[in-house]
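Reader: I would like a close look at one single part of this model, and then at how the rest is arranged around that part. Please take me through the details in order.

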Amino acid sequence: MKNFFSGFKYKLDREILREYLQHTIDFAVENKLPFCDEFYIADSLDAKDRLHVTILNYDVPGDAVYEIEKSFEGIVIFANHEKCYDPENDHKYIDAEDFISQELCTLPEEFFVAMDIAPTMLEQYMIK
């Protein structure tokens, strides 16, 4: 499983994550990008259990890798506790609000996010 300490780490709350998700989704839609984002969420930096999140834009034409993907439209947020997305078994959400209210309800007010990129809008929340 991917090491949670690799990549860039951020300490966020739900409102900051909501703003970031909306920004990255809007950017992918405006630029017709199939891939929006991928990251991990955990309640601590040493957590063994972490939520893997992948966000894809199915309004962009392309070949479906999995049969189930042929039925998807628009933005889909996939969430699981594995190392990669599995569209047949992941929890699926069509907007950030549902994702946050259902997947993050057991996390503390502030939580940790790890990703391979360093978005400038999250720079002030980076853990160095």
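Author: Asn 80 is placed in strand β4, which covers residues 75-80. The model is a predicted one. With a relative accessible area of 9%, Asn 80 counts as buried, because the limit for that word is under 20%.

The side chain of Asn 80 has polar partners in the backbone. One of its polar atoms is 2.7 Å from the backbone nitrogen of Glu 82. The side chain of Asn 80 also reaches the backbone oxygen of Cys 84, at a distance of 2.9 Å. Leaving aside residues up to four places away in sequence, Asn 80 touches Arg 50, Leu 51, His 52, Tyr 85, Asp 86 and Asp 90. Of these contacts, Leu 51 and His 52 belong to strand β3, which spans residues 51-57.

Next comes the sheet that holds this strand. Six strands make up an open sheet, and their order is β1-β6-β2-β3-β4-β5. Strand β4 therefore sits between β3 and β5 in that order. The pairing in the sheet is antiparallel. At the edges are β1 and β5, each of which pairs on one side only. From one strand to the next, the twist averages 25°. Strands β4 and β5 pair over three bridges, in the antiparallel sense. Phe 78 has Lys 92 in β5 as its bridge partner.

Two helices lie across the sheet. Helix α1, residues 14-30, lies across β1, β2, β3, β4 and β6, and runs at about 160° to β2. Helix α2, residues 96-103, lies across β2, β3, β4 and β5, and its angle to β5 is about 140°. Strand β4 is thus among the strands crossed by α1 and also among those crossed by α2.

The charged side chains add links between these elements. The whole structure has three salt bridges. One of them joins Lys 11 and Glu 110, whose closest N and O atoms are 3.6 Å apart. Lys 11 is in strand β1 (residues 8-13) and Glu 110 is in strand β6 (residues 110-115), so this pair ties together parts that are 99 residues apart in sequence. Lys 11 is partly exposed, at 37% relative accessibility. Glu 110 is partly exposed as well, with a relative accessible area of 40%.

Another salt bridge is found between Arg 18 and Glu 15, at 2.6 Å from N to O. Both residues lie in helix α1, three residues apart, which is about one turn of the helix. Arg 18 has a relative accessible area of 22% and is partly exposed. Glu 15 is partly exposed too, at 41%.

Arg 18 also meets Glu 97 in a salt bridge, again 2.6 Å from N to O. Glu 97 is in helix α2 and Arg 18 in helix α1, so the pair ties together parts that are 79 residues apart in sequence. Glu 97 is partly exposed, at 39% relative accessibility. Glu 15, Arg 18 and Glu 97 are in this way linked in a network of salt bridges.

To return to the starting point, Asn 80 is buried, and its side chain makes polar contacts with the backbone of Glu 82 and of Cys 84.

Technical notes
Residues numbered from 1 in each chain as written. Predicted model: local features only at pLDDT ≥ 70, side-chain atom pairs only at ≥ 80, totals over all residues. Heavy atoms only, no water. Salt bridge = Lys/Arg side-chain N within 4 Å of Asp/Glu carboxyl O. Helix = DSSP H or I, 4+ residues; strand = E, 2+ residues; numbered from the N terminus. Buried < 20%, exposed > 50% of the residue type's maximum accessible area, 1.4 Å probe, protein only. Pairing = 2+ DSSP bridges. Axes fitted to C-alpha atoms, helices over the stretch in contact; angles between N-to-C directions. Contact = heavy atoms within 4.5 Å. Polar contact = N/O pair within 3.5 Å; in protein donor to acceptor, adjacent residues only side chain to side chain.
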